Amino acid sequence: GSGLRHRGRASGVKIGTAAQPAAMAENGAYQAVLSQEFDSVTSESQMKWDIVEPARGAYDWTSSEALVRFAEANGQIVRGHTLVWHDALPGWVANGTFSPEQLRDLLREHIQTVVGRYKGRVAAWDVINEPIADTGGKLRPSLWMTALGPGYIADALRWAHEADPGAKLYINDYGVEAVNAKSDALYNVVRGLRRDGVPVDGVGFQSHLALSTNLTTLDANLRRFADLGLDIAITEMDVRLPLPATPAQHVAQAGLYTRVLQACLAVARCVSYTVWGFTDRYSWVPYAYPGWGDACLFDATYQPKPAYQQLRQLL
Ligand code: XIL
């Protein structure tokens, strides 16, 4: 084969993408590109709490099963996303009136149930998603932080490890690609966890980028996390462009995609490079950033863009 997944094999870096249920239901081009190009598939929404347990005790594994089965049928690993987040909570959790003790029990049960169900079938979990506040170098004052205090992070990692000792456990965040106040805060959290013997295996750098993102210190930043003895993963790469985007902007976008892959290839502990969707047809970007889009490797009709061509050349 000649997809990214085959070209990348020699480097040892797994090339991944997020995949969505609606997209996977599309027969033909989407599934063909997904299986030919990628070693690793991340559940874009299929394993979030609001999807797996929309009403208390009423689990729905339909879309998570579809994703895991697709990956297994195509020799791909699964990155499970995500167990502890302030977002994508079902209403019964977000708007419930639970005591801290009850919330702790709910979180433990959630992690045990989801990780236990996919034991041995999910290679890596984004256990903790977006724990750092955007400013101030503090933990984000999420439902979990507010009710349980900073110990929720170590607790969640320990529960996940008990449920599947073989899975690699990650903390994942955005805006932490370069050395800055937010990545400093993440670094201090992770260093503390390692010091305390908490089972954390890796740090995920989401990498939702714009052309203006300054990546001068990307390499040094990845290296300092790797030097803590951790795996490094690029977990949600995309490069949004202001619409309508020009050919020159697509060339600049290709430069950022390759810049980040180069940084990953240069750090021995960087194990995977995952894009947050591979086609503009299903990208989250136009919804999250109105006026922006064209963020992916393939356009909305699955034509490869300069970013795809340049990644191929690098691999
Ligand atoms: C996004 C999905 O892509 C959307 O489809 C969904 O509506 C909202 O969540 N950081 C994360 C991801 O960790 O879970 C988010 O995914 C994008 C930002």
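Colour the whole chain by burial to start: 54% of the 315 residues in the protein chain count as buried (buried is under 20% relative accessible area, exposed over 50%, partly exposed in between, with a 1.4 Å probe and protein chains only). What you have open is a predicted model, in which local features need pLDDT of at least 70 and side-chain atom pairs count only at pLDDT 80 or more, while totals for chains, interfaces and linings use all residues. Residues are numbered from 1 along each chain as its sequence is written, and side-chain values use heavy atoms, with hydrogens and water left out.

**Whole chain**

Stay zoomed out and switch to the C-alpha trace, which spans about 55 × 40 × 40 Å along its principal axes. A compact globule of 315 residues would have a radius of gyration near 20 Å, so the 19 Å of the protein chain agrees (taken over C-alpha atoms; the globule rule is 2.2 Å times the number of residues to the power 0.38).

Now show the surface. About 12400 Å² is exposed, and carbon and sulfur atoms supply 52% of it (Shrake-Rupley method, 1.4 Å probe; for residues, only the protein chains shown count as cover).

Go to cartoon next: there are 14 helices and 10 strands (DSSP runs numbered from the N terminus, with helices being H or I of at least four residues and strands E of at least two).

**Strand β3**

Select residues 77–84, which make up strand β3. Why call this strand largely enclosed by the rest of the structure? Because 7 of its 8 residues are buried.

Add residues 40–43, strand β2: this strand runs parallel to β3, joined by 3 bridges (strands pair if DSSP finds at least two bridges between them). Then bring in strand β4, residues 124–129, which pairs with β3 in the parallel sense over 4 bridges.

Which residue should you click to see both pairings? Try R79: this residue is the β3 bridge partner of T42, and R79 in turn has A124 as its bridge partner in β4.

**A133 and its surroundings**

Follow the chain out of β4 into the loop that leads to α8 (143–148), and pick A133 there. Is A133 buried or exposed? A133 counts as buried, because its relative accessibility is 12%.

Show the contacts of A133: leaving out residues up to four places away in sequence, A133 touches K138, L139, R140 and K182 (contact means heavy atoms within 4.5 Å). Last stop: draw a distance between the C-alpha atoms of A133 and L186, and you should get 9.6 Å for residues 53 apart along the chain.
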